[in-house]
Amino acid sequence: MILNAGLVLTILGVTSSIAYASPHAHRTRAALPDVWSQPEDSPVYDLFRSNLQKRQSNDTDDSPDVGSPTWAAQYPQGSVDVTKIPDEWTNALNAAVAAGAIPTNVPQTTLVNDNAVYPQGVNSQDPSICSANGGGTGSCRTNGSIWDAPDGYIGISFDDGPTSNSPTLYTFLQQNNQKATHFMIGTNILSNWQEFLTAYETLGDDIAVHTWTHPHMTSLSNVQVLAELAMTMQIIYDSTDGKLPRFWRPPYGDIDNRVNAIARNVLGLTAIIWNHDTDDYSIPAGGQTMDKVNSMMTQWMTGPKTPGLVILEHELYQETAQAFINSYPLLKQNGWNAVSVCRLFGDDAYQNGTSPDGETDGAFSVSTSTTSTSAAPSATENAAANNASSTGTASGASSSNSSPAILEMLAPSRSSMTAFASVVAALVCAFA
Ligand SMILES: [Zn+2]
């Protein structure tokens, strides 16, 4: 587990109030996958392999059952206390900062009426800042992030789960054999773990990161950004037999060069934004109507297929599930290729391991990009480049943030390898 029990209890203070349903019986969870795609000589592989050996020698039982009190006690129920996160995480961040892999010229935003606002005089659309501006059309696109689908494709994804309303959507997806990416909130996994297991195990869907508490990420300090992402990666890792997510989506589309660099260069995460948004989340509150959402979806489903569609959709409410269900016949009738959004460009959902269905995932993206200095750009990087060039918007590449990973930036230097090893070690350490 990520943190030792004593530390966790210190963090949580009280764990007895955690609500959980009766543990599912007879679940056997392997500590880590049996099959790894990581090359035998990779330092990353070595780290996980040694951890597996440690677990096998120290643990007579497997990792805690998802949903059990022992499992829940490993994580904060609310905001992550950055003074209590593993040293390895902060060490990795500090190493990245020291290596110049995290921009120092991008100020934190402050929240004004729930909007992230940069200090006066700062041009958020300057390539050196590159705010995605809430996913707004024509906004700066941070280095390596994905906004568009390939021509003819629609990337299927749902944000903010798992929730008590997720089953309506999950049943529909299963009935239609439609795979999707679920950008999940860490604290929602804690409170809706049955739905999490349905998405991951029953549906075999892809699990991605949507932060621990759904904050405006540009308003956070570097270490807070790190903690929001890493803790969510950790609960997913712990609850999927060791899968490390490869993708994340910033809440509110709030990302800039600084936030992107922490996600990408320290944790190996690629951001997926969107190119269409119906505001479906605001239907229940009256901010949007189902008719309007249906109308927009119809327009897009029957419209041009260049570029492909990445639509911001949610599994928050019955209404948001229904908006997708309403649009699905049109999606099929118009010949769209509908795939889980994180697989649009051939990448796998995870940085390691295998999918529940036994499909082999790719090697760690970061280690690959950093150890192969002459290798061609990954599919994701090509896709991101295509996104930028096809729309003519600013790519956001700047001298301080032009490399997709700290290891690549400095490759093949020793220090960069150490930086990445540190963060992997942090994840491993959690199991000590
Ligand atoms: Zn969200």
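How many bridges join β3 to strand β10, and in which sense do the two strands run? Four bridges join β3 to β10 (residues 337-340), and the two run parallel. The model described here is predicted.

**Overall make-up**

The protein chain holds 15 helices and ten strands. Of its 432 residues, 51% are buried. Among contacts with a separation of 6 or more, 79% link residues that lie 24 or more positions apart.

**Strand β3 and its partners**

Strand β3 covers residues 153-161. Nine of its nine residues are buried, so β3 is largely enclosed by the rest of the structure. Besides its pairing with β10, β3 is joined to strand β9 (residues 309-312) by two bridges, again in the parallel sense. With strand β4 (residues 181-184), β3 pairs in the parallel sense over four bridges.

The table gives one residue of β3 for each partner strand, with the residue that stands opposite or is its bridge partner.

| Residue in β3 | Partner residue | Partner strand |
|---|---|---|
| I156 | S340 | β10 |
| I154 | L309 | β9 |
| S157 | T181 | β4 |

In a regular strand, side chains alternate between the two faces of the sheet.

**Helices α10 and α11**

Two packed helices are described by the angle between their axes and the distance between the axes. For helix α10 (residues 290-301) and helix α11 (residues 318-333), the axes come within 9 Å and cross at roughly 30 degrees. Because angles under 35 degrees count as roughly parallel, α10 is roughly parallel to α11. The crossing of α10 past α11 is right-handed.

On the α10 side, the residues that meet α11 are M290, V293, N294, M297, T298 and M301. They face E319, A323, N326, S327, L330 and L331 in α11. By type, the residues of this contact are seven nonpolar, four polar and one charged.

**Residue Y75**

Where does Y75 lie? Y75 is placed in the loop between α3 (69-72) and α4 (87-98). Is this loop residue buried or exposed? Y75 has 24 other C-beta atoms within 10 Å, and a residue counts as buried at 20 or more, so Y75 is buried.

Leaving aside residues up to four places away in sequence, Y75 touches L190, M231 and I235. One of these, L190, is 115 residues from Y75 in sequence, while the C-alpha atoms of the two are 8.2 Å apart in space.

How values were computed:
Residues numbered from 1 in each chain as written. Predicted model: local features only at pLDDT ≥ 70, side-chain atom pairs only at ≥ 80, totals over all residues. Axes fitted to C-alpha atoms, helices over the stretch in contact; angles between N-to-C directions. Parallel < 35°, antiparallel > 145°, perpendicular 65-115°, else oblique. Left-handed = near helix turned anticlockwise from the far one by under 90°. Contact = placed C-beta atoms within 7 Å. Nonpolar A, V, L, I, M, F, W, Y, C, P; charged D, E, K, R; others polar. Buried ≥ 20, exposed ≤ 12 C-beta atoms within 10 Å, placed from the backbone. Pairing = 2+ DSSP bridges.
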